[in-house]
Structure formats: structure tokens, C-alpha cells
Amino acid sequence: MKVVLSYAPAAHDESKNVSWAQVIWKGNNMRYAETGFNLEIDLSRGNIERVETDPRDTELYLGGLGTNAKILWDRVPPEVEPFSPDNLLIFSTGLLCGTPATGCNRTIVSTLSPQTRLMAFSMMGGFWAPELKYAGYDKVILRGKSPDLVYLWINNDKVEIRDASHLRGKGAVETAELIRQELNEPKAQVAAIGLAGENRVYFASIEQGRSSASRAGIGAVMGDKGLKAIVVRGTKDINIARPAEFIGLCNEVLKYIKFRNENPIPGVMPILAGLGSPQEMKVHDEKWHTENFAWGNSRVRRKEFWNEEIAKDWMETMETMRTRLISCYNCPMTCGATMSPPGLPTYMMKCFSKLTYTMAAFSDLQFGLGIAQSATEYGVDAFSAPQVMAFALELYENGILTDEDFPGMPSDNEGRFYWLLDRIVRREGIGDVLANGTYWAAKEIGKGAEEYAHNNIKKHEQLPLKLGMLNPIYFLMYATGEKINITQIEGQFPQAPFPTREEREAFVKDWFQIPDEKFKQYFLDWELRGEKSIPYYPTPEMCCDIVDWQERMHYIDDALGMCAGLSSFPLKPPYHIHNYPKFISAAAGIDMDEEKLTQAIKRYRTLVRANNTRRGMRRKDEKPPEDHWRKRFPELEEKLLDTYYKFKGWNNQGIPTKESLHELGLDYVFEDFEKRGIYSDNGDTPSEETSAEKEKE
Ligand code: SF4
């Protein structure tokens, strides 16, 4: 049920080229935690509507990713192309965004990805989502395409589509600043694309404050819709169902964060011992990343790379360029930093992008932090972009691309990266091919280039990591993950066994975040060597439990708008399966317990899969790169996948079964699958064409 409560036909001021709608408040149903309203914007027609949402959807799918998946299912059938006006681009707050819950500030952006051609749901921290809630909306749902470049200005009840032709070609950070000045609204929050988004680069990001939504090319969809930015200012309140109880829960979390900050977990590497993102802005010791992750086009391990001299040099670079540590909205963790490379404007740096350009180019930190400034302004994913450039140079070194493909490219390595980045975001020459990411670029280049696009899952560049022995937990996470973000669904269970039983016993003592005691035993018995070590331990059944638990936490976060750094990603986090139902009940007034919450997550997680199943995703797509581990075990891998599919209620193609859909109240999905003949599909559904190829047709 969707009721349009207020609808003012968009007026248009020719002289300023501005469409606007004054929202008229009707309806008086009290909603808690959420506002109960979405903004629906048709960019083709310049139409703006404020639409009341159905509270029953919140109970069934929570919010954020959950309700986004439902909207995409209902309104974007598989015939729709990522660059079609019928594709939706949804900016959603999480259910608890804007409440006092610490670290709950994620914007969940969902659409169809031009890169994977599947459902994309990229998250960004910062300040945007709470601001949207305070303006009175849970989501902004965009459809159509604007004929001219525009930006959206949401100022509480007044919503305008404004001309952005003067911002064409501007950087994402620069755009945010110019708009704030133009509107005289220094407190407005701006989510903007740079040149990469405007030119539909498949790994274009949406940049906002100290964060960005980068994966799967959602910035390209924003650019395709002719939308340069969404600007929000909100000054309203959010209702909390049981405020005193809710504040009590928030205080417990804050207390625990303080405790954990003072008591890092012993026995794990420093970046995993604390909370928040891996604290890359504070950590100076990069031995682990630089020696374990692959350099270049995710090929070369440099095991003896880190030494005292480099440590000193990199620390000086970081200390010189880092001007201030910063947090996202309502969070004490200061995971990000403002960076001021010499001679360049200040920008904000987050997480591992500190190292991605450096390592792709076999260069130093100074280079990495410098080029990241340009990349942030252009608005590209800091994981894909460096890999794509390193891939191009590898093809060049191996004669697959030649001098003719790189006219005027500098001869020095760093210069080449700057040159390539520039060509890619402008889609000039070879840059036009590379702008589609390594998977599609390799197909277009041919001549054996596909061998070099060796780090993709579901057509998307993954973490540049190549390891020795298959890890069965990670195999399942990588293979079946649909989040395509860098952490996939890892987190709550330690990444590796602790060497001694004593250490393991100490670890499990205060491990109250586990959903079931059996996880303690799984971990206690996990050995570095011998019978109970990888790849055959944990057993496939145990791996299912572990992966499912980890995934469950990520999916809760993505519906509530919680930062994974305080929940699904670190070990022993402040938010967990036992206190989340209390948060939801006290804030949203929904009668929630662990069982009901688990069922809701299962429902919208299945709906994400259903969206992708309908778009052709099958078992053949669920495999990590061949060279991700040196030692592979094909029989075990098949067994892992079989067991996990069964555990999840999916058939051997990874398609949710009639029974599991029925149990989740998703019979409408089953009916659609039946109608489309999806169950009789043998897994050979073609899903290879690019949007560009379709468009050419
Ligand atoms: S933990 Fe870090 S990344 Fe997460 S909300 Fe806080 S500051 Fe942002």
C-alpha cells in the first residue's frame, strides 16, 4: 500500500531552471525511529512526491537494505538495464539512523550495478543519512533521467530539482563546497559524484563527507540519471518509542566501547584487536598489509618489504599529511582523517584506500596519498580503480596492449597512474575500455587479456589477496556474498585459529556476542595444524553456521544503518544479536526478539538473492578467483557449496526453494520464479552482455 499524502505538481522557474515542490503535511500517524515517508523523484518529468510507507514493510524487512530489496523486487523487473530510466537509484537511511544509537549513520544506496549487472547495495558513513531523517524522509527513490545535469536540494519540507550545469566536470568534494556556498547552507550534507560518475565509469563512487559509497558502480547510475548531487538539510526530530529504555541501551554500548578501547583483544593482529574500521589513519605499522596483500594487479607478494627505514619514512609521510582525525556522525571512534598532501586541496581519507594506490603502483605512501586526492575528486572506488590501472600496465608489459593504446603516456610509473586515471574518468582512448572494470575490459581487449583479469568474483574486482591454503569459511563468504564490498561478510569469528588451547580458552571466556554456545567449541577445537585445521576444519556444517552468523550481522547493520565497525566486522563488538532486538523494540516500537529478527534478516537476505536470481545469477557465478588460494580442493569446495545452499534453503543452483520462500512469507517470489521458468533453468542463463552492448543493439 502506498499513499501519496502530499503531491505538489513540480513548478518550474525558467529563469533559474529550478523545479520545486512544497511538501504539504497531511496524515498524523506516529511512526517511531523511521519517519514513515519516502521522497519519490522522477527525474525525467521533474516530479517530486512525498509518499507514506507501509509500517508492515518495516516489521517484515526492517529498513535500509531490507526495504530497498523489496522496492527493487516490486518495481525493477529483470528486463530493466542498469542504465535504463526504469532502473531505480535508492538512497536509504537505516531504521535506527538519526536516533542516539552510537555509530548508526549509514546511507544504503541500492540500484542495479552496471559492473555486476546484479543488485548493488553500497554503504556510506558520514552524516548524510541522519540529516535525511531530520529532514523528514527515510529514503530518496530516484527514477527516470534528467535531460540536463541537476542536483536535488532537500531542505526539510521544501524539495527542489536545481540546475547543475555549472557543476559539470567538477570534483565531488569541490561540488559539495560550491553547493553549500551557493545555497548559503554550511550545514547541508552533500552526496555528490565527480567526473567518473558523470561519465558512467563502472567503478564510480558517490562521495559524502568522510565517506563514500563506492562498490559496484553506483556513481555511474547516478551520473546516468543526470544527477550531480543530493543536498540535504534537516532540522526535525525523530520519535523514539521508549526513550528512557533506548538511552539506557545506548549508554551500555558507549560503556562497552570505552572498555574495548582500553582492552584490545590479545592474540590477533593490531588492526583486528579494536573496534571501528581497521583504524588505518592511526596505524603506522603496515607490515601485515604490505607483506600479505598482493601488489600490482594483485599478483606480487613482497614478503620482506617492510623494514625500519620504510616504517620511518611512511610514518613521517602520514604525520605530515594527516591534519585531523575525524569520525562519522555520532561516533567516538575517529576512523577517518583529513589529509593535506603538499600543494593539493584537503580531502578525507578512509580505511584501506591509504594503501591501495601505493601498492598497485609499487610506489610509496606519499604517492598513494597524493593520487587518492585526485581519485576522491573524480569519485572512483579506491579498490577497483588502482587494480584496473595496474591491470592495464600489466597488459602493456606483456604486449597485449601497445604504445598505440597509450599515446603520450609518461615513462615513469607514478606518472602513468595519474595519466591512466585521467583517461579513465574522461573515458578517453583506452580509458574508455578500462572504465568498465577489468572483467568487461578484458573481454573487449581480447588477445588473452582475460587471463589478467584474475581477481574478480561476480565480475567485480575483489580484495588484492592471494593466499596459500584454502580457508573453507572464506571460500563460502567470497563465493556466496552478494554485498561485493571489501569485507564481504567476514567479522565475528576469528580469521585464524589461535596457536594454543590456553589462548583460545582465554578468548572464549567473555565471548557473549555468540548466538549459540557451539561457536565456542568450534573455536576451541580449531588448530593451526593437524586434523582440526584448514581446509577440512571447521567442517562444512560448522562453516555454514559461522558464515551464516557473520552474514546475519552484516545484514542487520545494513538494514539498521549501523556501521559494521561497531557490529559485524570486529571481534566482540558492542552491538550483537542479543542487544539488537532490544534496540529495535525500544526505538521503533516493534515487538522484536532474536527469533523474529533472525527471520526478518533471512527474509530480506533471501530477497536480495531473489533479485539476483531473477537477473541470472547461478552457481557458476559463485566462485572465488582460481588463484585466490594456491592449494585448492575442488571436491571439498563443491561440498561446501552444496551444504551451504541446503542450509540456506536454496537448491543446488543457489535458487531459494518453494518451501523456504513460503516459510519466509515470500510466496510472491516463488510465483514469479515459476512464471519465468527459473526452476527449470539449468544454470546456463546468459548474463554476459554489458549494458553498453545492449544499448548498442
Ligand atoms: S566506527 Fe569509524 S567508520 Fe564506524 S561510524 Fe564510527 S567513525 Fe565511522
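Two strands count as paired here if DSSP finds at least two bridges between them. Keep that in mind as you move through this predicted model.

**Stop 1: the β10–β11 hairpin**

Select residues 150–155, which make up strand β10, and add strand β11, residues 158–163. The two strands run antiparallel and are joined by six bridges. To see one of these pairings up close, show I154 and look across to β11, where its bridge partner is V159.

Now colour β11 by itself. How many of its six residues are buried? Five are, so the strand is largely enclosed by the rest of the structure. Buried here means under 20% relative accessible area.

Next, zoom in on the turn. Two residues sit between the strands of this hairpin, and N156 belongs to the loop that links β10 and β11. Its phi is near 50°, a positive value in a residue that is not glycine. That deserves a pause, because most residues other than glycine have a negative phi. Is N156 buried or exposed? With a relative accessible area of 15%, N156 is buried.

**Stop 2: another positive phi**

Jump to A216, in the loop between β14 (211–213) and α6 (218–224). A216 is not a glycine, yet its phi is positive, at about 70°. A216 has a relative accessibility of 5%, so it counts as buried.

**Stop 3: a three-stranded sheet and its helices**

Select β16 (322–326) and β18 (347–349), then add β17 (residues 336–339). Together they form an open, antiparallel sheet in the order β16-β17-β18. Why does one side of β16 and of β18 lack a neighbour in the sheet? Both strands stand at the edges with a single partner strand each, so one side of each is left free of a neighbour in the sheet. Rotate the view and you can follow the twist: neighbouring strands are turned by 30° against each other on average, ignoring direction.

Look at the junction of β16 and β17, where four bridges join the antiparallel strands. One pairing to display is R324 with T338, its bridge partner in β17.

Then bring in the helices. Helix α10, residues 308–321, lies across β16 and β17 and runs at about 75° to β16. Helix α12, residues 365–378, also packs on the sheet, where it touches β17 and β18. The direction of α12 makes about 110° with that of β18.

**Stop 4: the largest cavity**

The model has four cavities of 30 Å³ or more. The largest holds about 90 Å³ of space. To find it, select its lining residues, among them F293, F352, L355, M359, F383 and P464. Which helix gives the most to this lining? That is α11, with four residues. Both α11 (353–360) and α13 (384–397) supply at least two residues each. Try colouring the lining by class: nine residues are nonpolar, three are polar and none is charged.

**Stop 5: two cis peptide bonds**

Finish in the loop between α19 (518–524) and α20 (540–560), where you will find P535. The peptide bond from I534 to P535 is cis, with omega near 10°. P538 is found in the loop between α19 and α20 as well, and a cis peptide bond joins Y537 to P538, with omega about -5°. For contrast, most peptide bonds are trans.

Conventions. Residues are numbered from 1 along each chain as its sequence is written. This is a predicted model: local features need pLDDT of at least 70, side-chain atom pairs count only at pLDDT 80 or more; totals for chains, interfaces and linings use all residues. Side-chain values use heavy atoms; hydrogens and water are left out. Axes are lines fitted to C-alpha atoms, for helices over the stretch in contact, and angles run from 0 to 180 degrees between N-to-C directions. Contact means heavy atoms within 4.5 Å. On a 1 Å grid over the protein atoms alone, a cavity is a set of points where a 1.4 Å probe fits but cannot get out, and a pocket is an open set with protein on both sides within 12 Å along at least five of seven lines; lining residues have an atom within 4 Å of a point. Grid points are joined across faces, edges and corners, and a volume is the space filled by probe spheres set on the points. Ala, Val, Leu, Ile, Met, Phe, Trp, Tyr, Cys and Pro count as nonpolar, Asp, Glu, Lys and Arg as charged, and the others, Gly among them, as polar. Buried means under 20% relative accessible area, exposed over 50%, partly exposed in between (1.4 Å probe, protein chains only).
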